Amino acid sequence: MVDALVSGASAERRVGSSPILGTKEFILNSFFYSIFLLISKIIFNFVRINPKNKLAAIYFHIPFCKRLCGYCDFYRSVKLKYMSQVVETMHAELAEQADFLHDKSIRTIYFGGGTPSLLAPSEIEQFISQVRTLFDCSQLEEVTIEVNPDDISEEYVAELRKTSVNRISMGVQSLDDRCLQFMGRRHSAEQAIKAVRMLQGAGYDNISVDVIFGVPGFGSEVLDDTLQRMLAMNVQHISAYHLTIEENTRFGRMMAKGEFCEVDEVCSESQFLQVHNALQSAGFEHYEVSNYALKGCRSKHNSSYWQGVEYLGIGPGAHSFNGVVRRWCEQSVEEYIGGVEYGSEELSTMDKLNEYVMTSLRCVEGLSLAKVEREFGLQERKRLEREASTDRVKRLLAYEGECLRIAPENMLLSDLVIEALIAL
Ligand code: SF4
């Protein structure tokens with residue numbers, strides 16, 4: 001409706017208005033213009049405050065991988081024989097769970113995993129079409145798929161281009177073949193570079209790549225080479241993660257046997273800064289602990305999580321949040337196809353505050369003390385200000401007006417600050 005009014009008004013201007021007006025015409029035009037502004041304002045406020053028009057996100061978790069990487073503890077399975085049944089169950093789950101978002105308008109869709117690029121582009125599009133039939137998608141801006149470089153071929157890209165996917169997130173991790181082999185990745189550096197070129201050749205201009213640093217045995221020279229070659233790919237977004245060793249992974253088991261040692265804190269910090277400096281000098285904004293983007297190319301989907309936007313997660317391993325309830329499905333793929341079940345919790349006010357502290361301090365915009373006071377009370381604001389001034393964390397924090405921020409170069413220590421500031 002806003003569109004109709006605006007285009008109607010501009011059409012009138014095109015056919016009926018004169019650049020030089022008489023007094024009477026001027027008064028009449030001013031009068032109609034004021035009315036037009038008033039109506040636009042009313043509609044704008046209606047759109048803004050009507051919960052039906054609030055934006056939300058949808059996440060599809062495709063939990064399959066051909067092979068498990070040494071470090072990975074994501075929810076994933078190598079039982080590819082269940083893939084078509086899981087896809088079928090996910091369609092049924094989406095149809096059943098659409099109400100979870102209470103008529104929200106969808107702004108972003110994200111296919112994560114696992115390895116979503118194991119699905120054919122036509123299967124990805126079927127999910128998007130179903131979202132379009134169940135939700136208002138008039139404000140859909142971003143559809144991302146995570147891909148593995150070795151799934152990308154000219155044919156795959158040509159098919160993907162016919163879908164609504166407009167953003168690619170590729171698990172590159174390193175551009176050093178020895179490092180890739182060590183981590184148990186399925187692809188080579190060359191394959192990753194070629195895959196990005198194919199996508200760009202087909203017109204994709206919003207591509208993110210992942211890099212892992214802090215890999216034992218692969219020092220700053222290897223990392224520098226990877227970063228320089230990634231920058232030469234001309235991608236728009238880079239996610240950089242420190243390798244963490246989890247118990248139930250191949251690396252975790254190796255570490256338990258003493259065959260493997262994590263890098264020390266000095267190395268962690270210096271490689272974190274190495275990534276920060278290299279990407280920042282190349283014009284990337286460090287906008288979240290692990291995320292860097294060229295101007296205008298932040299991940300809208302991930303940013304919406306950090307901003308507390310509601311989202312519906314579909315598939316085994318997916319989580320959902322609708323402003324009141326947090327819900328998750330942690331079934332095995334066999335259990336999932338037998339009947340979807342959820343765990344859930346209702347967030348208390350304290351949970352919501354802690355969540356806000358955690359997510360906001362990980363982002364460059366920081367924590368708004370005015371928002372804390374408005375939504376959680378003056379007492380909580382004062383408590384946060386008190387905690388923020390303790391010797392342990394004050395060197396890592398800066399005030400900018402009403403905002404409390406961690407400088408991007410200190411973000412490696414964001415957990416220390418968050419721990420000090422959350423309410424117990
Ligand atoms: S890192 Fe990605 S590709 Fe490797 S096992 Fe985990 S989900 Fe699968």
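In the predicted model, Gln 173 lies in strand β4, which spans residues 167-173. The backbone of Gln 173 has a positive phi of about 75°, although the residue is not a glycine. Gln 173 is buried, because 25 other C-beta atoms lie within 10 Å of its own, and the threshold for a buried residue is 20 or more.

The chain as a whole has 424 residues, of which 32% are buried. The secondary structure consists of 17 helices and 15 strands. Among contacts between residues at least 6 apart in sequence, 72% join residues at least 24 apart.

A positive phi is also found at His 102, with a value of about 45°, and this residue too is not a glycine. His 102 belongs to the loop between α3 (83-97) and β2. With 14 other C-beta atoms within 10 Å, His 102 is partly exposed; this class covers counts between the limit of 12 or fewer for exposed residues and that of 20 or more for buried ones.

Strand β2 covers residues 105-113, and the loop between this strand and α4 (121-134) contains Gly 114. The peptide bond from Gly 113 to Gly 114 is cis, with omega near 20°. Both Gly 113 and Gly 114 are among the residues that surround the ligand. The other residues around the ligand are Cys 65, Leu 68, Cys 69, Cys 72, Phe 74, Arg 76, Thr 115, Asn 148 and Gly 171. By class, this shell is made up of five nonpolar, five polar and one charged residues. The charged residue is Arg 76, because Arg is counted as charged. The glycines of the shell fall in the polar class, because Gly is counted there.

Tyr 82 is placed in the loop between β1 (55-62) and α3. Tyr 82 is partly exposed, with 18 other C-beta atoms within 10 Å. When residues up to four places away in sequence are left out, Tyr 82 touches Val 333, Glu 334 and Ile 337. One of these partners, Val 333, is 251 residues from Tyr 82 along the chain, and the C-alpha atoms of the two are separated by 7.2 Å.

Arg 229 is part of helix α8, which runs over residues 220-232. Arg 229 is partly exposed, with 16 other C-beta atoms within 10 Å. The C-alpha atom of Arg 229 is 9.6 Å from that of Ser 174, a residue 55 positions away along the chain.

Helix α8 also packs with helix α10 (residues 265-281): the two axes come within 11 Å and cross at roughly 25°. Angles under 35 degrees count as roughly parallel, and α8 and α10 are therefore roughly parallel to each other. The crossing of α8 past α10 is right-handed. On the α8 side the contact involves Ser 220, Leu 223, Asp 224 and Leu 227, which meet Ser 270, Gln 271, Gln 274, Val 275 and Ala 278 of α10. These contact residues divide into four nonpolar, four polar and one charged. The charged residue is Asp 224 in α8, because Asp is counted as charged.

A second helix pair is formed by α13 (residues 349-361) and α17 (residues 414-421), whose axes are 10 Å apart and make an angle of about 155°. Angles over 145 degrees count as roughly antiparallel, and α13 and α17 are therefore roughly antiparallel to each other. This crossing is right-handed. Helix α13 contributes Val 357, Met 358 and Leu 361 to the contact, and α17 contributes Ser 414, Val 417, Ile 418 and Leu 421. By class, the contact of α13 with α17 holds six nonpolar residues, one polar residue and no charged residues. The polar residue is Ser 414 of α17, because Ser is not listed as nonpolar or charged.

In a further pair, helix α14 (residues 369-376) and helix α15 (residues 378-388) pack at an angle of about 145°, with their axes 6 Å apart. Leu 369, Val 372, Glu 373 and Phe 376 of α14 meet Leu 378, Glu 380, Arg 381, Leu 384 and Glu 385 of α15. The residues of this contact comprise five nonpolar, no polar and four charged. The charged residues are Glu 373 in α14 and Glu 380, Arg 381 and Glu 385 in α15, because Glu and Arg are counted as charged.

Technical notes:
Residues are numbered from 1 along each chain as its sequence is written. This is a predicted model: local features need pLDDT of at least 70, side-chain atom pairs count only at pLDDT 80 or more; totals for chains, interfaces and linings use all residues. Helices (H or I, at least four residues) and strands (E, at least two) are DSSP runs, numbered from the N terminus. Two residues are in contact if their C-beta atoms, placed from the backbone, lie within 7 Å. Axes are lines fitted to C-alpha atoms, for helices over the stretch in contact, and angles run from 0 to 180 degrees between N-to-C directions. Angles under 35 degrees count as roughly parallel, over 145 as roughly antiparallel, 65 to 115 as roughly perpendicular and the rest as oblique. A crossing is left-handed if the near helix is turned anticlockwise from the far one by less than a right angle, and right-handed if clockwise. A residue is near a molecule or strand if its C-beta atom, placed from the backbone, lies within 6 Å of it.
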